[in-house]
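Open the model in your viewer and keep the selection tool at hand. Each stop below says what to select and what is there.

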Amino acid sequence: MPVARAFIDSNILLYAHLEDDQRKMAIARQLLGDVLPVVSPQIPLEVTNVLVRSTGIGPVEAARLLRPFIDGEVVPTTEFTVRESWRIADRYGFHIYDATVIASAIGSGCPILYTEDLQHDQRIESLRVVNPFI
């Protein structure tokens, strides 16, 4: 039974659905079963794009696969998200898309961001970054 809210980056959702790396697939699926996943609109849309390109499935099939994560919690992209993304990118030197994921995670109130794209155990303001594949 999921115990805590956690912000999930697109790479975690991708590993849960792509069979290229069985180890990472198992870890991603276990993680997604252990937390209450929180995402921003950008996350399932990025994953849909990659699934359509890499597997040949259509957007409707990708949406069916991702539906359980959308049914969890999707935090809106707001003016706050945009302004925080710019501030975080400027302050910490992150690429704007990474800064948007961070801003969305902070804005959602999640204490943890699960991603493979940032430094493991990094603290960014109220957020802790965790790479579950380490």
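Select Ile96, which is found in helix α6. The model is predicted. Is Ile96 buried, partly exposed or exposed? Ile96 counts as partly exposed, because its relative accessibility is 32% and the partly exposed class lies between 20% and 50%.

Add Val82, Trp86 and Tyr97 to Ile96. Together these four form a nonpolar patch on the surface. Their combined accessible area is about 430 Å². Colour α5 (79-92) and α6 as well: these are the elements that give two or more residues to the nonpolar patch.

**The sheet**

Now show the strands. There are 6, and they form an open sheet. Follow the order β3-β2-β1-β4-β6-β5 across it; the pairing is mixed. Which strands stand at the edges? They are β3 (73-74) and β5 (123-124). Each has a single partner strand, so one side of each is left without a neighbour in the sheet.

Select β1 (residues 4-8) with β2 (residues 35-39). The two pair in the parallel sense, over 4 bridges. Two contacts to label here: Ala4 has Val35 in β2 as its bridge partner, and Arg5 has Leu36 in β2.

Keep that pair on screen and bring in the helices. Helix α2 (residues 22-34) packs on the sheet. It touches β1, β2 and β4 (112-114). The direction of α2 makes about 100 degrees with that of β2. Helix α6 (residues 96-108) packs on the sheet too. Its contacts are with β1, β2, β4, β5 and β6 (127-130). Here the angle is about 165 degrees, taken between the directions of α6 and β1.

Stay with β2 and move to its other partner. β2 and β3 pair in the parallel sense over 2 bridges. Pick Val39: it stands opposite Val74 in β3. How many of the 5 residues of β2 are buried? The count is 4, so β2 is largely enclosed by the rest of the structure.

**Salt bridges**

Switch to side chains. A search of the whole structure finds 9 salt bridges. Start with Lys24 and Glu116, whose side chains meet at 2.5 Å, N to O. Lys24 lies in helix α2 and Glu116 in the loop between β4 and β5, so the pair ties together parts that are 92 residues apart in sequence. Lys24 is buried, with a relative accessible area of 15%. Glu116, at 24%, counts as partly exposed.

Next, centre on Glu125. It forms a salt bridge with Arg87, with the closest N and O atoms 2.8 Å apart. Glu125 sits in the loop between β5 and β6 and Arg87 in helix α5, so this bridge ties together parts 38 residues apart in sequence. Glu125 is partly exposed at 38% relative accessibility. Arg87 is partly exposed as well, with a relative accessible area of 29%.

Leave Glu125 selected and add Arg91. Their side chains meet in a salt bridge at 3.5 Å, N to O. This pair also links distant parts of the chain, with Glu125 in the β5-β6 loop and Arg91 in helix α5, 34 residues apart. Arg91 is exposed, with a relative accessible area of 56%.

Last stop: add Glu84 to the selection. Glu84, Arg87, Arg91 and Glu125 are linked in a network of salt bridges.

Notes
Residues are numbered from 1 along each chain as its sequence is written. This is a predicted model: local features need pLDDT of at least 70, side-chain atom pairs count only at pLDDT 80 or more; totals for chains, interfaces and linings use all residues. Side-chain values use heavy atoms; hydrogens and water are left out. Two strands pair if DSSP finds at least two bridges between them. Contact means heavy atoms within 4.5 Å. Axes are lines fitted to C-alpha atoms, for helices over the stretch in contact, and angles run from 0 to 180 degrees between N-to-C directions. Patches are made of residues with over 30% relative accessible area and no salt bridge: like charges are joined within 9 Å, nonpolar side chains (Val, Leu, Ile, Met, Phe, Trp, Tyr) within 5 Å. Accessible areas come from the Shrake-Rupley method with a 1.4 Å probe; for residues, only the protein chains shown count as cover. Buried means under 20% relative accessible area, exposed over 50%, partly exposed in between (1.4 Å probe, protein chains only).
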